[in-house]
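Work through the exercises below with the structure open. Try each task before reading its solution.

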Amino acid sequence: MAVQNSTGNPAGDILRYSPGHLRLRFVIDKIVGWVLLLAFLAVLFPLADMLYWVGEKALPTFTMNTLTLNQVGTGGGLHSMIVGTFIILILSTVIATGIGVLAGMYTAEFAPRRVAEAGRVAGYLLAGVPAIVLGYFGFYLLVIYTKWDYNTLAGAITLGIFMVPFVYRATDLAFVNVPHDQREGALAMGASRFQYLRRVAFPIAMPTILSGVFLAMALGMGETAPLVLTVGWSNTVPTNLLQPTGYLTGAIWNFYDFPSTYGSFQTLAFQAAFLLILIVIALNVGVQIISEHYRRKLRGLVG
Amino acid sequence: MVEGRNFVPTKGDIRSGVGPMQLASAASPSGGYADDIPGTGFMGSPVAGRSSTRYMSPSESTQNAPLEEMASTPQPPGGPAAVAPLISVKDLWVWAGKKPILSGISLDFNDREVTALIGPSGCGKTTFIRTLNRMSDVSPGLRVKGLIQYKGQDIHSRSVNPVLLRQRVGMVFQRSTVFPMSIFDNVAFGLRLIRERRDVISERVTESLRRAGLYEELKDNLNRSALTLSGGQQQRLCIARALAVNPRVLLLDEPTSSLDPSATQKVEDLLFELKREYAVVIVTHNMQQAARVADRTAFLYQGKLVEFDETKRLFENPREKLTESYVTGRFG
Amino acid sequence: MSEPGPPEGGVPTGAAPTLPPPERLRDRITWKMVLGSPVALLPMFLLAAVAGVLLYASDLHNFGWSLWGTDWNWIPPGPGSSYGIGYFALGSVLTASLAMLLATVLSLAMAISIVVYLPVIPSRALTVVTDLLAGIPSVVFGIWGFVVLAPYFGENLEPSLRDALYWLPGFGGPAFAIGGGTGILLAVFVLTIMIIPITTAIMRESLRAVPHSAIEAGLALGATRWEVVRKVRLPMARAGIFGALFLGFGRAIGESVAVSMLIGATPQLPPSLYAGGYTIAAYILDQQDSAFAYPVLLQVLVEFALILLLISVVVNIVGHRLTRGSRNSGTLN
């Protein structure tokens, strides 16, 4: 009907279905939109498949025992690995946060321009160093050179170094992005730099820093290579930090290729994978909640 | 109403002098969405989502409209029946969120005439001309209500393709927006989109540059990067680029605000040439510029049309007190 | 202590005298002791330390140029052993390049979808999902690939691919090369999924960083969305897109765990993409227990690690140079 109307319409040159216009252009525009969407299917389908299979293999036998028992023979649970993962993660988070936040604040607030630039480049490069290379660094320095043998502390330090650049970059970004007015205002009122940073900049930067810490935790917890090279393996909870320990990614790495005739090794691996995915999602949700909470709080403060 | 939405006035209707007011009631626009506005939603759906400039038909939202005296908007002089206006705007409302930016604007733009829009900054001039070729569709969060007709065709109707509309109603922005490519390629950009033949392209590029008064200056350097041109040349290149796709209307959004006086002079001279063939709408915060170039001038204040008249009369003998204070420089 | 003024020169704190003295004292102590100290530059020191320790551990001149061969025979390490990186380097470059190419196509499509075509809510949802994908541990991809995908690849996908595409280089080859499904193709597939989040994120930001005025100018000339993407957005975001390519490559070449689980652990010149291979990263991960036992092997593997480090540094420097423009403007938004 639109075509009907367009005949003899003086405004025919802007009508969609007017004859004589290059309609192909508009068809292409639409087709491209749908074709591009296929890329999402191509990526999301494998993701969904993976989540499905991890659930399928892990859940039927997932009980409280999985969380509370140590691995014995080919059975048991993941208790020591869960504990080991958290010991390593807490230590490495402390290391990474300490170094990353201080260095990030320095880069954003104090460093001369050139030093700051160099620091940022170093941060990016450190983030790009393959985990396995960091693993060899920790392996040589903290396992072989020190003659400590495989131990939990070496793993925590190596993982901490792996996590540093993420915290560092987040902190740097957070302080650089504090609005200029806030800074000028605070300093003009006679606040010292310390007061400015603590009372003005830190509250504003906090959500970004915390997001960076959570991101670093999620990535660090998912790393395998640095730990394989430094922590060793044990199926009991360590009594001190210079002993080896189990950890969740290691459970997958050590058990993944046992055929099903070897009892529940592979099931344990999938249960570890299930837990890892859960924790990653929890950390991601945590980031969202924290930044939303802080945003609200800040808005309340500002008015 | 659903039946009526595809009603399109024919040539006969306009020729026989049916005023736009009558058309407005008959051709009530649909509340539906056009579906291939660039940069907005996904196909078929209102372009919506992201930018979702929502378009509402007048009847759909009359109850929401603030109670204002719509009738008080002055009518242009001369009577619309004499020459059918190229673009006619009836009771246009635009909101950003809940805040009204334009409140019930009615204006006509004639062919072969320069119409200036003046008013203090923030009065909605830019938003207004962006609705004329539906560039408002790509600004997030704008809601548009009202009737805008191009040659009698409601531009928000489903059957109008906004991409084609923008070819007919060209636009030049405040800051020159040359693409980082050669001068020739800049002007040929729109022509290549519509797959013109090579010889036609080079012919039209030359022609457009000549019309924009750039050809003599640049004819030997058409392959130079357009970014090497001066500000004034870049702005005239943008005009040439818009002319190349053969528009009927040219919308200029403060085209000289970032130019020096001599470059401004050249653009203004150009406008006198352009109005022989095009309808030109120019937004300016510079009253002297409006007085120099425009045949008719509209004064907008806080989203309302205060006065619309022949330029000379608006400046020398305004009917509204507000206009008088503005043109005499008492505020703004 | 009596001197009022900022702890660092050049900071405008004109009204400093109004502060109570204890604050100022703490101020000086804190910043001088903590932030003036070398701890602040630790990222740089850490990078240098990693390189330094590895250089120290490698004892480079022991092996020299024999490293750059394909001869690989060290069991047990002795005078006649040879340590050639050739097949491992080949595997690394091959898998990383193929994964990078696939990821570039897919993530460019996803980035354009997110930035240009999709409405707000699906666009945000898919952004969250792709970012979440980045957090999933590589070892989880590994076990999924090994337990679920490998049998499917070996029994269904690879035989049919071979039948259909035997004329295409890499897709033909002998039937025995298919084996149990693990191999280069599977490793590339999983690597692609693993690097897509990072390349998509960078491309997304590059496309967003194109000035709005240029996009509007294109639209105002009567271009469709796709025409604006092709003629305005992509050319202007080119640097960022190439940067994403480099960073994706760096990520893929450094991945050890998932590749080790999926590539089939065979240092060879692969007869086809279905065949097993090996990468530097996967190899040095797998052989760390031998490295623990044989100091000579440790030195070799540390050298491999150094080569990986060098590649990653070069690739990352190029990648960050290219993406800097879009990153900065992304920050500003």
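**Exercise 1. A strand and its two neighbours**

Which residue is the bridge partner of Trp95(B) in S5(B)? Then place the strand S2(B) between its pairing partners.

Solution.
- The model is predicted.
- Start with the residue pair. The bridge partner of Trp95(B) in S5(B) is Arg143(B).
- Next, take the whole strands. S2(B) pairs with S5(B), residues 142-150, in the antiparallel sense over eight bridges.
- Now look at S3(B), residues 99-109. S2(B) pairs with S3(B) over seven bridges, also antiparallel.
- Find a bridge between S2(B) and S3(B). Ala96(B) has Lys99(B) as its bridge partner in S3(B).
- Check the turn. Two residues lie between the strands of this hairpin, and Gly97(B) takes a positive phi near 65°.
- Finish with burial, which here means under 20% relative accessible area. Eight of the 10 residues of S2(B), residues 87-96, are buried, so the strand is largely enclosed by the rest of the structure.

**Exercise 2. A covered helix**

How many of the 11 residues of H7(B) are buried? Identify what covers them.

Solution.
- Count first. Nine of the 11 residues in H7(B), residues 183-193, are buried, and the helix is mostly covered.
- Name some. The buried residues include Phe184(B), Asn186(B), Phe189(B) and Leu193(B).
- Look for cover within chain B. Helices H8 (198-211), H9 (215-218) and H10 (231-244) of chain B are among the covering elements.
- Then search the other chains. Helix H2 (24-58) of chain A contributes, as do helices H7 (212-220) and H8 (225-236) of chain C.
- Step past the end of the helix. Just after H7(B), Arg195(B) takes a positive phi of about 55°.

**Exercise 3. Chain A, from overview to one crossing**

Describe the make-up of chain A, then analyse the contact of H7(A) with H9(A).

Solution.
- List the elements. Chain A has 12 helices and two strands. From the N terminus, the order is α-α-α-β-β-α-α-α-α-α-α-α-α-α.
- Assess burial. Of the 303 residues in chain A, 55% are buried.
- Assess contact range. Among contacts with a separation of 6 or more, 73% join residues 24 or more positions apart.
- Add the surface. Chain A exposes about 12900 Å², with 66% supplied by carbon and sulfur atoms.
- Zoom in on the pair. The axes of H7(A), residues 152-176, and H9(A), residues 193-222, come within 8 Å and cross at roughly 145°.
- Assign the hand. The crossing is right-handed.
- Classify the contact residues. There are 18 nonpolar, four polar and no charged residues in the contact of H7(A) with H9(A).

Notes:
Residues numbered from 1 in each chain as written. Chains lettered and ligands numbered in written order. Predicted model: local features only at pLDDT ≥ 70, side-chain atom pairs only at ≥ 80, totals over all residues. Heavy atoms only, no water. Buried < 20%, exposed > 50% of the residue type's maximum accessible area, 1.4 Å probe, protein only. Helix = DSSP H or I, 4+ residues; strand = E, 2+ residues; numbered from the N terminus. Pairing = 2+ DSSP bridges. Axes fitted to C-alpha atoms, helices over the stretch in contact; angles between N-to-C directions. Left-handed = near helix turned anticlockwise from the far one by under 90°. Nonpolar A, V, L, I, M, F, W, Y, C, P; charged D, E, K, R; others polar. Contact = heavy atoms within 4.5 Å. Areas by Shrake-Rupley, 256 points an atom, 1.4 Å probe, with all protein chains shown as cover.
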